[in-house]
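Visitor: I'm new here and would like to know how the labels get decided. Could you walk me through a few?

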Amino acid sequence: TLSSAAQKAASKILRFNVNNYDILETCRKVYISDIQNDGSFLVTGDRLYSSDGKNRSETFHILFKSSAAESGNSNYSAAASVTQDYLNEYSFLYQLSNMKGLSAVRTGNLVTMRTTDPAWKLDLLIDLGEK
């Protein structure tokens with residue numbers, strides 16, 4: 001028989017787009033922490049992408065902290081940070097790390113984070129791997 005840990009599906013990012021650019025396609029590794037007792041979890045990853053004809057690398061961290069729930073959904077406040085090989089202010093993840101007031105909603109095993117700015121459209125969908 002499989003252990004309960006082996007039966008649990010692995011957490012993963014299903015969609016990570018900014019302005020129709022597929023961030024997920026440039027991620028080499030992504031890690032998602034277990035959900036903590038207070039409901040919070042961390043998503044982190046390493047990216048390799050091209051900018052100005054050069055290969056660039058960066059590591060991002062997005063912390064989701066649980067906040068009050070509405071209508072059976074869990075809500076999160078979110079904060080992002082990024083570490084770059086050298087400063088690239090045009091990086092979408094650098095821009096995300098400078099945003100305040102980010103929020104996300106959990107329904108079942110899925111967490112979605114979106115922005116409402118028409119000039120900067122984030123669509124992040126995370127499967128927490130829980131049933």
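Visitor: What area does the protein expose, and which atoms supply 49% of it?

Guide: Keep in mind that this is a predicted model. The protein exposes about 8000 Å², and carbon and sulfur atoms supply 49% of that area. As for the layout, there are 2 helices and 9 strands, running α-β-β-β-β-β-β-α-β-β-β along the sequence.

Visitor: Why is Ser 40 called buried?

Guide: Its relative accessible area is 9%. Buried means under 20%, so Ser 40 gets that label. You'll find Ser 40 in the loop between strand 3 (27-32) and strand 4 (41-51). Leaving out residues up to four places away in sequence, Ser 40 touches Asp 34, Ile 35, Phe 64, Lys 65 and Ser 66.

Visitor: What makes the link between the side chains of Ser 40 and Asp 38 a polar contact?

Guide: The two side chains are joined at 2.7 Å, and the cut-off for a pair of N or O atoms is 3.5 Å.

Visitor: Why is Asp 52 called exposed?

Guide: Exposed starts over 50%, and Asp 52 has a relative accessible area of 73%, so the label fits. Asp 52 sits in the loop between strand 4 and strand 5 (54-70). Asp 52 also has a positive phi of about 55°, although it is not a glycine.

Visitor: Why does Asn 19 count as partly exposed?

Guide: Asn 19 has 31% relative accessibility. Partly exposed covers what lies between 20% and 50%, so Asn 19 belongs there. Asn 19 has a positive phi too, about 50°, and its loop lies between strand 1 (12-18) and strand 2 (21-22).

Terms used: Residues numbered from 1 in each chain as written. Predicted model: local features only at pLDDT ≥ 70, side-chain atom pairs only at ≥ 80, totals over all residues. Heavy atoms only, no water. Helix = DSSP H or I, 4+ residues; strand = E, 2+ residues; numbered from the N terminus. Buried < 20%, exposed > 50% of the residue type's maximum accessible area, 1.4 Å probe, protein only. Polar contact = N/O pair within 3.5 Å; in protein donor to acceptor, adjacent residues only side chain to side chain. Contact = heavy atoms within 4.5 Å. Areas by Shrake-Rupley, 256 points an atom, 1.4 Å probe, with all protein chains shown as cover.
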